[in-house]
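Reader: Please take one part of this model and go through it closely. Start with how strands pair, then work outward to whatever touches that part.

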Amino acid sequence: MAEIKRIRCGSVNSYLIEEHGRAILVDTGRNGSEEKILAQCQKTKVELIVLTHGHLDHVQNTAYLKKALGVPVALHKEDVNLIKDNFIEPLRYRGFLGMVVAEVSAKSFETDRIPEFTPEIFLKEGDWLKDYGINARIMELPGHTRGSIGLDLDEKNVIVGDALMNMFYPGLSMVYWDRGEMVKSADKISALGARKVYFGHGGPVENRAWNRAGI
Ligand SMILES: [Zn+2]
Ligand SMILES: [Zn+2]
């Protein structure tokens, strides 16, 4: 079974997923955490970088780590334009905390930048990462962004990016491109049944009926 190592990069997580000496890196964090992530990656053999979505806080070190590790980058094609400009997709929100998160995000989209990189692989629903040594199935989880994806690992653990969040409490994402799609994606995660859920923000929790718990 794949081992999941959570690498905390300030408020955002990267995940190193390793099985039998082969590994993939999921998300690359913000500037300032690149050396920390690289040090973890160098302990194993990373073969691929997967991005759960195109928001700055999840992809900012991609160009650096891609070059340092010499590996391809994979994401959903619907988020390719987002890595060039996070402002092309509206960031809507719910609740007071959502408003705060949306404001902080918008500020960072304005003042910060994503160093340029070109992804080689486009992932879609049902793709497997077995070629990279990892028993992960890709799930399309649109809503937070158009091209948000998750990774279902060994039917035991699921990495959901920002499709769900555990920023203040575990629940539905407080910021999104499309609320209806986000709720559908949360239902899709609930329907997986028994899983440990790993978020882009916050620590892991057991899977549950997200729709009722979070909105
Ligand atoms: Zn996000
Ligand atoms: Zn995020």
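Author: L151 has its bridge partner in β10, and that partner is I159. The bridge belongs to a predicted model. Strand β9 covers residues 149-153, and β9 pairs with β10 over 3 bridges. The sense of that pairing is antiparallel. Strands of a sheet pair through backbone hydrogen bonds, either parallel or antiparallel.

Now the whole sheet. How many strands form the open sheet, and in what order? There are 5, running β8-β9-β10-β14-β15, and the pairing is mixed. The edges are β8 (136-140) and β15. Each edge strand has a single partner, so one of its sides has no neighbour in the sheet.

Next, the metal sites. H144 sits in the loop between β8 and β9. D162 sits in the loop between β10 (157-159) and β11 (164-165). Both residues are donors to the zinc ion (ligand 1). The full donor set there is H53 through NE2, H55 through ND1, H144 through NE2 and D162 through OD. The distances run from 2.1 to 2.3 Å.

What is the arrangement around the zinc ion (ligand 1)? The 4 donor atoms subtend angles of 89 to 168 degrees, so the arrangement is irregular. A tetrahedral label would need all angles between 85 and 135 degrees. The upper value of 168 degrees therefore rules that label out.

The sequence spacing of these donors is H-x1-H-x88-H-x17-D. H55 and H144 link distant parts of the chain, 89 residues apart. H55 lies in the loop between β4 (45-50) and α2. Are these two histidines buried or exposed? H55 counts as buried because its relative accessibility is 6%, under the 20% cut-off. H144 is buried too, at 2%.

D162 does double duty. The residue bridges the zinc ion (ligand 1) and the zinc ion (ligand 2). The two ions lie 3.4 Å apart.

So to the other ion. Which residues coordinate the zinc ion (ligand 2)? They are D57 (OD), H58 (NE2), D162 (OD) and H201 (NE2). Their distances are 2.1 to 2.5 Å. The 4 donor atoms subtend angles of 87 to 161 degrees, which makes this arrangement irregular. The donors are spaced D-H-x103-D-x38-H in sequence.

D57 and D162 also link distant parts of the chain. D57 belongs to helix α2 (residues 56-59), and D162 is 105 residues away. D57 and D162 are buried.

Back to the sheet, at β14. This strand spans residues 196-198. The aromatic pairs in the model come to 3. One of them joins Y15 and Y198 edge-to-face, with 5.7 Å centre to centre and 85 degrees between the planes. The pair connects β2 (residues 12-19), where Y15 lies, with β14, where Y198 lies. The separation is 183 residues. Y15 is buried at a relative accessible area of 2%, and Y198 is buried at 12%.

F199 and W210 form another aromatic pair, also edge-to-face. Their ring centres are 6.0 Å apart, with 90 degrees between the planes. F199 lies in the loop between β14 and β15 (205-206). W210 lies in helix α6 (residues 210-214), so the pair ties together parts 11 residues apart in sequence. F199 is buried at 0% relative accessibility. W210 is buried as well, with 0%.

Y15 leads to a hairpin. Strand β1 (residues 3-9) and β2 pair in the antiparallel sense over 7 bridges. In β2, N13 is the bridge partner of R8. The hairpin of β1 and β2 has 2 residues between its strands. G10 is in the turn, with a positive phi of about 65 degrees.

One more ring contact: K130 lies over the face of W128, 4.3 Å from the ring centre.

Finally, the whole chain. The chain has 6 helices and 15 strands. Of its 215 residues, 57% count as buried. The C-alpha trace spans about 40 × 40 × 25 Å along its principal axes. A compact globule with 215 residues would have a radius of gyration near 17 Å, and the chain agrees with 16 Å.

Notes
Residues are numbered from 1 along each chain as its sequence is written. Chains are lettered from A and ligands numbered from 1 in the order in which they are written. This is a predicted model: local features need pLDDT of at least 70, side-chain atom pairs count only at pLDDT 80 or more; totals for chains, interfaces and linings use all residues. Side-chain values use heavy atoms; hydrogens and water are left out. Rings of Phe, Tyr and Trp (its six-membered ring) pair if their centres lie within 6.5 Å; planes under 30 degrees apart count as stacked, over 60 as edge-to-face and the rest as tilted. Helices (H or I, at least four residues) and strands (E, at least two) are DSSP runs, numbered from the N terminus. Buried means under 20% relative accessible area, exposed over 50%, partly exposed in between (1.4 Å probe, protein chains only). A charge sits over a ring if NZ of Lys or CZ of Arg is within 6 Å of the ring centre and within 35 degrees of the ring normal. Donors are N, O and S atoms within 2.8 Å of the metal (3.2 Å for Na, K and Ca); water is not among the atoms, so sites may look incomplete. Four donors count as tetrahedral if all angles lie between 85 and 135 degrees; four count as square planar and six as octahedral if opposite donors are over 155 degrees apart and all others between 65 and 115; anything else is irregular. Two strands pair if DSSP finds at least two bridges between them. The radius of gyration is taken over C-alpha atoms; the globule rule is 2.2 Å times the number of residues to the power 0.38.
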